[in-house]
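Here are a few notes to read alongside the model, for anyone meeting it for the first time. Keep the 3D view open and follow the points in order.

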Amino acid sequence: MPQKKSSDEANSMSYGGLDALDFSEVKVVENGKASEKNGDQSSMNPTKTPDSFKGEDPTSKISCLHECCPLMNNRRSVRFIPENVWQKITKVFPDATPHSFESPRDDAVGNCVECHIENEEENLFPQKLNDWKKEITKPGALSELLKRGKQMNNFFPSSEIEIFLQHNAEGSISLHALHHNDIQRWRDSFSAIEKSLKSRKKNDIIKNQLNELLFVSSESSSLGREWKFRKLTCNEHEMAVGLPSVSDEEDVKSWLEKLNASNVELLLGEEYRELMGSLSTLESILHGGGSAPLKESRPPTVSIQLQEGTPTIIIDPQTCTSGCDVTSFSDECIKNGTVVSKLQNPQRAKPVKDNEPIDEGPKGPLCKVFVHEVENGMDIDVSASQIMLDVSQNNTALSSSSTGRPRRSRKARGGGGGGGFPLYEVEMALDGNLAHFRLLLHQSKSKKLFGQR
């Protein structure tokens, strides 16, 4: 019987069993000599020394990474033993982790506060993702940037540029140049989070999906990862790459058409700042304290200015003419000299078949089944005798039919059959099975077919 725990003996609660362990076959080294507790029989049986148990921890299943016991108050997984029994165990398992008893608390998991914090973070993870998604859907720069990704060949704020050109405004409009794939990963992250919240995916699944979208493994980084985010300037010359060059006789609209083919997007200053902030917030949600801040390197800027009434384009820094290429990642490929995502490769459209009318009419011979409903508690044999007697008296015979009419089920007129029992007539295919018959019978009674067995 387990001993009752008193207030001053909280650490010596015993459940019996472990305190009766037999260590007779274990040699315990004391004062440099090995003592054999089993006398002469120990030489006949294989013995073990504490050295053979090094590295083994009998408490590993109930210990967390912080060397605490989150299952402290789970009576099915944890037992309490007195101090003298624990001393025996440590002689056999010197690497065993001790856990002192602690009463359950509302603000911790077992006796590990760090496990409690991690558990709270896991519970709040979907809510944080939902808050991040709501910030994007609010009217503003991020929502416009998200909508722009759904439009074909629209890699720049066309409405703002058109207003600037139509009104011949003084000054200039400045835009930041970023690669389309980098911005698209942010849009894909939004779509992945939206789908995961609807389908209630596990936290580990959505975390892995977002990490594959936004990060690449790196041995040079202390965190083992780096952002999938590139700067459109070459390292050798510090000049712009990926942007189409501007000729003297080229107007703004023709250059913007070439921009769409280069897979580069132009962002307003507010859009760029909020995009960087949104990505940094998402990264902190994913990794918490172990965050890798997004290095906001100065991207190339495209300025549209009016010089003597004529709009001109100025790229700062100037485009590189030494043949430097744009950096690419493992999920990208080069197509026609442009870095594109592998997922953007066009797939062959599947041929669409014309909708053919489906003939739902029965094929083959039909039969009619007459069902008499007998109430609960009545004897089946007596009821069958009454039905047969009534049928013989009325000279009613059952006949089969193969008229080819659609299957139907109806209740007999008058609501009564042989013996005064309710009669149902079910018309079904001759080769139908019992399950088919039961469905038609339930349908004739105006019962729901869903969930029927």
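**Notes on strands, a loop and some cysteines**

1. Let's begin with the hairpin. β7 pairs with strand β8 (residues 310-316) in the antiparallel sense, over 7 bridges. One pair to look for is Q305 and its bridge partner in β8, T312. Bear in mind throughout that this is a predicted model.

2. Now for the turn of that hairpin. There are 2 residues between the strands β7 and β8, and E308 takes a positive phi there, near 55 degrees.

3. β7 has another partner too. Strand β3 (residues 172-179) pairs with strand β7 (residues 301-307), again antiparallel, this time over 5 bridges. To find your place, look for H176, which stands opposite T301 in β7.

4. Next, the loop between β5 (225-227) and α8 (252-261), where you'll find L232. Is L232 buried or exposed? L232 counts as buried, at 2% relative accessibility. Leaving out residues up to four places away in sequence, L232 touches A177, L178, H179, M239, A240, V241, V264, P300 and V326. V326 is a nice one to pick out: 94 residues separate L232 from V326 in sequence, yet their C-alpha atoms are 6.7 Å apart in space.

5. K228 belongs to the loop between β5 and α8 as well. You might check its surroundings, since K228 also counts as buried, at 7% relative accessibility. Which backbone oxygen lies 2.8 Å from a polar atom of the K228 side chain? That oxygen belongs to E212. Neighbours within four places in sequence aside, K228 is in contact with D182, R185, E212, L213, L214, F215, V216, F329 and D331.

6. Finally, the cysteines. How many disulfides does a search of the whole structure find? The search comes up with 0. A disulfide is a covalent bond between the sulfur atoms of two cysteines, so the gap between sulfurs is what to check. For C234, the closest cysteine sulfur is in C320, 4.0 Å away, which is too far for a bond; the cut-off used here is 2.5 Å.

7. A last word on how accessible two of the cysteines are. C234 is buried, with a relative accessible area of 5%, whereas C333 is partly exposed, with 23%. The line between buried and partly exposed is drawn at 20%, so the two residues fall into separate classes.

Key. Residues are numbered from 1 along each chain as its sequence is written. This is a predicted model: local features need pLDDT of at least 70, side-chain atom pairs count only at pLDDT 80 or more; totals for chains, interfaces and linings use all residues. Side-chain values use heavy atoms; hydrogens and water are left out. Buried means under 20% relative accessible area, exposed over 50%, partly exposed in between (1.4 Å probe, protein chains only). Helices (H or I, at least four residues) and strands (E, at least two) are DSSP runs, numbered from the N terminus. Contact means heavy atoms within 4.5 Å. Two strands pair if DSSP finds at least two bridges between them. A polar contact is a pair of N or O atoms within 3.5 Å; within protein, one must be able to donate a hydrogen and the other to accept it, and residues adjacent in sequence count only if both atoms are side-chain atoms.
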